[in-house]
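Please examine the structure shown below. The paragraphs that follow lead from a single residue to the core and then to a pocket.

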Amino acid sequence: PGNKVMPHCGPTNHRLRLHLALLLPRGHRFAEGLRVAGRSCPWRLDRCFVFDDSFEHEVDLPPIGNCDELGLAESARAVLLVDLWHPDAEKRGLRQYCKQ
């Protein structure tokens, strides 16, 4: 909480990035903090969100109070990140070196 990942773009549009919220602060099912292409994209517990990594994106986590008083379980946020091939990557021959 209270951390920031500055706005940045992925190096290529060959991949998509998946976020899966596994744990959100205070047991909430919904949390703000992710922006993609200037648009707020809240995390929803147990729901996937997929976006094109080449678009500018950032994370700005608001402080949620004194983390020492809340404890780790109350203040923690866990988001699984997975990189996926863009659906057009195979059509354009970008995956040919990854096949067995």
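Is R17 buried or exposed? The model is a predicted one, and in it R17 belongs to strand β2. The relative accessibility of R17 is 16%. Because buried means under 20% relative accessible area, R17 counts as buried. The side chain of R17 is joined to that of D83 by a polar contact of 2.6 Å. Apart from residues up to four places away in sequence, R17 touches F49, V50, F51 and D53, and also L81, V82 and D83.

One of these partners, F51, leads to the interior. F51 is a member of the largest nonpolar core, which has eleven residues. The other members are A21, L24, A31, L34, V36, C41, W43, L45, V59 and L61. Among them, A21 is in contact with W43, R44, L45, D46 and R47, as well as with A78 and V79, when its neighbours within four places in sequence are left aside. Two of these contacts of A21, W43 and L45, are themselves listed in the core.

The description now turns to the largest pocket. This pocket holds about 220 Å³ of space and is lined by 15 residues. Its lining receives two or more residues from each of the strands β1 (4-8), β2 (15-23), β8 (57-60) and β9 (78-85). Of the lining residues, H19, W43, V59, V79 and L81 lie nearest the centre of the pocket; W43 and V59 also belong to the largest nonpolar core, while L81 is touched by R17 and V79 is in contact with A21. By residue type, the lining comprises nine nonpolar, three polar and three charged residues.

Technical notes
Residues are numbered from 1 along each chain as its sequence is written. This is a predicted model: local features need pLDDT of at least 70, side-chain atom pairs count only at pLDDT 80 or more; totals for chains, interfaces and linings use all residues. Side-chain values use heavy atoms; hydrogens and water are left out. On a 1 Å grid over the protein atoms alone, a cavity is a set of points where a 1.4 Å probe fits but cannot get out, and a pocket is an open set with protein on both sides within 12 Å along at least five of seven lines; lining residues have an atom within 4 Å of a point. Grid points are joined across faces, edges and corners, and a volume is the space filled by probe spheres set on the points. Helices (H or I, at least four residues) and strands (E, at least two) are DSSP runs, numbered from the N terminus. Ala, Val, Leu, Ile, Met, Phe, Trp, Tyr, Cys and Pro count as nonpolar, Asp, Glu, Lys and Arg as charged, and the others, Gly among them, as polar. Buried means under 20% relative accessible area, exposed over 50%, partly exposed in between (1.4 Å probe, protein chains only). A polar contact is a pair of N or O atoms within 3.5 Å; within protein, one must be able to donate a hydrogen and the other to accept it, and residues adjacent in sequence count only if both atoms are side-chain atoms. Contact means heavy atoms within 4.5 Å. A nonpolar core is a set of buried Ala, Val, Leu, Ile, Met, Phe, Trp, Tyr and Cys residues joined through side-chain atoms within 4.5 Å.
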